[in-house]
Amino acid sequence: MPAAQKIHILGVARPPADQFRVAALQRYKILDTPPCDDFNFLAELAAKLCGVPYAAVALVDAERVWLKAGHGLPPGSVPRQDSYCALAVLGEAATEIADLSADYRTAHMPLTVGAPHMRMYSGVALTSPDGFQIGSLCVMDTRPGALDEEQRRTLARLGRQVMALIELRANQRTLDSSQRELEQLALSDELTGLHNRRSLLQRLQFEVARAKRFRTPLSALMIDLDDFKGVNDGYGHAAGDMVLANVGRLLRESVRVIDIAGRYGGEVLCVVLPNTPREGAGKLAETLRAKLAAQLHTAGARVVEVTASIGVGAFDHMGIADAESLLRQADEALRRAKDGGRNRVAS
């Protein structure tokens with residue numbers, strides 16, 4: 001008996017180091033995904049070309065066998081020890097059993113002893129490019145028998161098509177994920193996690209257009225960390241980066257979903273507040289000022305305390321009626337706040 005068949009759990013053989021094979025399967029992120037016409041078509045085609053009523057694309061997980069597609073079989077999963085396809089990942093490229101009721105490995109399985117009383121099984125392993133057998137494309141019949149050579153070759157070719165489709169879908173997911181990450185990098189400031197300047201200004205232009213069309217309020221906060229140069233000089237630039245990261249996290253947690261918080265430049269941050277009048281923006285500015293003053297930052301054994309000055313700007317649909325004038329008003333208010341000392345809000 002081959003070494004791979006000497007490891008048994010509940011009577012079902014498992015290959016050595018099966019955890020690596022399972023890990024290879026799980027990398028594809030295909031388990032429990034919705035039905036797919038492409039996989040169903042390949043299963044149906046396998047059944048028709050092999051002249052049998054049943055076919056399946058089966059994936060062998062750690063403790064179950066899950067059907068990605070089936071022809072004549074209901075979707076879902078069965079315990080691994082109850083599935084013929086558990087035999088298809090033991091190292092052979094193809095597995096064929098002419099009479100399931102006469103084979104000690106399969107005679108006791110539910111589909112053999114119960115409806116539909118399967119008798120013939122033929123499957124080809126779905127093998128990943130790195131050599132792991134993650135499942136099987138199989139055909140079954142309720143009559144004993146075997147495929148002819150042409151049918152076996154056809155089943156093997158279809159199995160390669162199934163594996164190629166699994167690879168294609170996984171590569172597409174990876175590509176989509178990478179594209180989303182690149183889009184996120186293009187829109188966000190790496191240090192603070194806020195919108196970068198370009199994204200902030202683009203979103204601001206959109207909110208300006210909406211405010212003008214619907215005559216809704218729009219405000220902006222310009223936030224400057226007080227004496228930030230002193231933090232860099234006194235504690236080092238790594239501490240300065242840590243402070244900016246902490247402040248960015250605080251802003252993300254303190255604003256609404258519809259608000260747009262961004263890094264305007266250096267230690268100056270900006271928050272665009274749609275549907276918010278000047279009074280509401282002023283209240284938020286005071287809240288943020290207090291939170292920033294209370295936030296503690298640690299640089300080794302030392303505690304860094306940072307305060308912020310905040311300027312408030314608001315649309316009036318007359319003199320302040322575009323993005324440039326809104327930011328200029330907020331910036332001028334910020335200058336007045338800093339002229340009055342530190343840790344202040346001005347509007």
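Here is a quick tour of this structure, from its packed cores to its charged pairs.

What you're looking at is a predicted model. It holds 23 salt bridges, and its largest nonpolar core has 32 residues. There's also a second, separate core, made of 28 residues. If you want one strand to start with, try S9, where eight of the eight residues are buried.

**The largest nonpolar core**

- In soluble globular proteins, nonpolar side chains tend to end up buried together.
- Which residues touch the most other members of the largest core? They are Phe 39, Leu 59, Leu 126, Ile 134, Leu 137 and Ile 166.
- Quite a few elements chip in with two or more residues each: H1, H2, strand S3 (54–60), S4, strand S7 (120–127), strand S8 (133–141) and helix H4 (149–187).
- H4 gives the largest share of this core, at seven residues.
- Leu 59 is a good residue to click on: leaving aside neighbours within four places in sequence, its contacts include Leu 25, Ile 30, Leu 31, Val 65 and Trp 66.
- Also in contact with Leu 59 are Leu 126, Ile 134 and Ile 166, along with Arg 64, Lys 68 and Gly 135.

**The second core**

- Away from all that, the separate core of 28 residues includes Leu 251, Val 255, Leu 292 and Val 312.

**Strand S9 and its partners**

- Strand S9 covers residues 218–225, and because eight of its eight residues are buried, S9 is largely enclosed by the rest of the structure.
- Both of its faces are covered, with Leu 218, Ala 220, Met 222 and Asp 224 buried on one side.
- On the other side of S9, the buried residues are Ser 219, Leu 221, Ile 223 and Leu 225.
- S9 runs antiparallel to strand S11 (residues 268–274), and seven bridges join the two.
- S9 also pairs with strand S14 (residues 308–314), again in the antiparallel sense and over seven bridges.
- Want a landmark in S9? Take Ala 220, which stands opposite Val 272 in S11 and opposite Gly 313 in S14.

**Charged pairs**

- Side chains of opposite charge can pair when their charged atoms come close.
- Asp 32 and Arg 64 form a salt bridge, with their closest N and O atoms 2.8 Å apart.
- Asp 32 sits in the loop between H1 and H2 while Arg 64 is in strand S4 (residues 64–71), so this pair ties together parts that are 32 residues apart in sequence.
- Asp 32 itself is exposed, at 51% relative accessible area.
- Is Asp 141, which pairs with Arg 143, buried or exposed? Asp 141 counts as buried, with 7% relative accessibility, whereas Arg 143 is exposed at 55%.
- In that salt bridge, the closest N and O atoms of Arg 143 and Asp 141 are 3.5 Å apart.
- Glu 150 forms a salt bridge with Arg 157, and here the closest N and O atoms are 3.6 Å apart.
- Both partners are partly exposed: Glu 150 has a relative accessible area of 41% and Arg 157 one of 40%.
- Elsewhere, salt bridges with shared partners join Asp 18, Arg 21 and Arg 80 into one network.

**The loop with Pro 35**

- Pro 35 is found in the loop between helix H1 (18–27) and helix H2 (37–50).
- Pro 35 is exposed, with a relative accessible area of 74%.
- How far apart in space are Pro 35 and Lys 68? They are 6.8 Å apart, C-alpha to C-alpha, with their positions 33 residues apart in sequence numbering.

Key. Residues are numbered from 1 along each chain as its sequence is written. This is a predicted model: local features need pLDDT of at least 70, side-chain atom pairs count only at pLDDT 80 or more; totals for chains, interfaces and linings use all residues. Side-chain values use heavy atoms; hydrogens and water are left out. Helices (H or I, at least four residues) and strands (E, at least two) are DSSP runs, numbered from the N terminus. Buried means under 20% relative accessible area, exposed over 50%, partly exposed in between (1.4 Å probe, protein chains only). A salt bridge is a side-chain nitrogen of Lys or Arg within 4 Å of a carboxyl oxygen of Asp or Glu. A nonpolar core is a set of buried Ala, Val, Leu, Ile, Met, Phe, Trp, Tyr and Cys residues joined through side-chain atoms within 4.5 Å. Contact means heavy atoms within 4.5 Å. Two strands pair if DSSP finds at least two bridges between them.
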